Amino acid sequence: RSVQSAVSRTSSHLTRRGYATEPVPERKVAILGAAGGIGQPLSLLMKLNPLVSTLSLYDIAGTPGVAADVSHINSRSEVTGYAGEEELGKALEGADVVIIPAGVPRKPGMTRDDLFNINAGIVKSLATAISKYCPHALVNMISNPVNSTVPIAAEVFKKAGTYDEKRLFGVTTLDVVRAKTFYAGKAKVPVAEVNVPVVGGHAGVTILPLFSQATPQANLDDDVIKALTTRTQDGGTEVVTAKAGKGSATLSMAYAGAIFADACLKGLNGVPDVIECSYVQSNLISELPFFASKVRIGKNGVEEILGLGSLSDFEQQGLENLKAELKSSIEKGIKFASQ
Ligand code: NAI
């Protein structure tokens with residue numbers, strides 16, 4: 001029987017809760033920044049996920065309302081809202097997965113790096129709390145610039161003595177979601193069947209979609225591949241421009257964040273062969289300490305970092321071109337965290 005049917009069976013027979021023949025493990029998911037543009041739809045999507053038993057919604061303000069609203073949905077998880085720093089510990093205690101979409105988004109004309117000064121501080125303080133209250137949680141970092149915020153969190157955890165590189169993930173799933181959608185449109189294949197790895201990092205040229213490995217295969221011309229690559233790299237800016245000052249991607253990001261968190265939960269629950277692209281500590285791919293690639297997620301977090309596979313000349317060139325920017329973003333994060 002599927003997990004879903006086991007869950008609906010228990011929740012429709014409340015008195016039998018806990019007696020399902022196939023118990024679904026209890027899992028607590030905390031969302032930090034839950035009242036924001038990404039946080040709210042992400043809270044909704046995580047409330048719909050039957051693998052979640054406790055949903056903890058934290059923000060500096062506004063979470064009691066979001067939590068009350070989402071909690072009325074008749075799905076498995078118990079929802080609690082926590083507002084303000086004094087409630088952060090309770091929000092995090094016992095969390096298996098912590099998703100972080102806290103911080104300011106881009107406005108037209110801004111790069112992700114322009115967010116650094118504000119978001120770096122937010123991430124540093126949230127990571128400090130994670131190291132104290134739920135040091136074993138899988139951390140899903142959404143806050144930009146991801147290329148720097150992941151190294152910041154790593155440094156904070158190292159200082160606290162809680163760092164486990166297998167448990168820290170930069171969420172690059174939206175790049176994959178975009179690459180799949182844009183590829184399907186050009187290749188004229190059903191979008192639901194499409195797979196495209198996206199590697200490197202999560203900003204501009206550091207986003208490197210590997211369309212040569214896209215499935216189902218399609219023989220797209222070089223100029224089409226080039227245009228698809230640029231569109232994937234600029235996908236975030238496309239949304240920022242269209243929203244004209246009202247923020248960046250929130251709905252598609254919430255979807256992508258929910259997909260990635262679901263993969264983490266499945267991995268923790270022992271589902272085999274859970275593979276997603278993510279920006280993680282990595283020494284397999286390049287000389288850089290962090291790199292996005294396909295990773296296998298299991299009970300301990302990152303179980304395996306998969307190689308890049310064979311690249312086209314265009315992708316090989318893209319790989320060389322992204323290293324300088326990625327390196328400086330990583331160094332900027334490390335330097336900030338050590339101050
Ligand atoms: P938003 O401004 O709508 O929401 C951010 C939320 O974070 C607000 O509710 C705010 O109160 C909260 N917040 C601020 N400081 C906090 C703290 N110390 N602790 C907890 N919460 C705090 O912004 P939006 O659109 O939701 O974006 C959030 C972040 O996600 C931005 O950094 C954005 O750049 C990033 N992002 C990442 C993407 C990715 O692919 N990884 C894609 C799109 C956005």
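**Close-up views of a predicted model**

**View 1. Helices α6 and α11 make a right-handed crossing.** The model shown here is predicted. Helix α6 covers residues 146-160, and helix α11 covers residues 313-338. The two pack at an angle of about 40°. Their axes lie 8 Å apart. On the α6 side, the contact includes Asn 147, Pro 151, Ile 152 and Val 156. On the α11 side, the residues met include Leu 326, Ile 330, Gly 333 and Phe 336. By class, this contact of α6 with α11 has 8 nonpolar, 6 polar and 2 charged residues.

**View 2. Strand β10 is mostly covered.** This strand runs over residues 290-298. Of its 9 residues, 8 are buried. Strand β10 pairs with strand β9 (residues 274-281) in the antiparallel sense. That pairing has 8 bridges. One of the bridge partnerships links Gln 281 with Phe 290 of β10.

**View 3. A hairpin joins β10 to β11.** The connection passes through 2 residues. Strand β11 spans residues 301-305. Here too the sense is antiparallel, with 4 bridges between β10 and β11. Arg 296 has Glu 304, in β11, as its bridge partner.

**View 4. The ligand sits among 32 surrounding residues.** The closest are Gly 33, Gly 36, Gly 37, Ala 102 and Asn 144. Helix α5 (residues 116-133) gives the most to this shell, with 4 residues. By class, the shell has 17 nonpolar, 13 polar and 2 charged residues.

Note on methods: Residues numbered from 1 in each chain as written. Predicted model: local features only at pLDDT ≥ 70, side-chain atom pairs only at ≥ 80, totals over all residues. Buried ≥ 20, exposed ≤ 12 C-beta atoms within 10 Å, placed from the backbone. Pairing = 2+ DSSP bridges. Near = placed C-beta within 6 Å. Nonpolar A, V, L, I, M, F, W, Y, C, P; charged D, E, K, R; others polar. Axes fitted to C-alpha atoms, helices over the stretch in contact; angles between N-to-C directions. Left-handed = near helix turned anticlockwise from the far one by under 90°. Contact = placed C-beta atoms within 7 Å.
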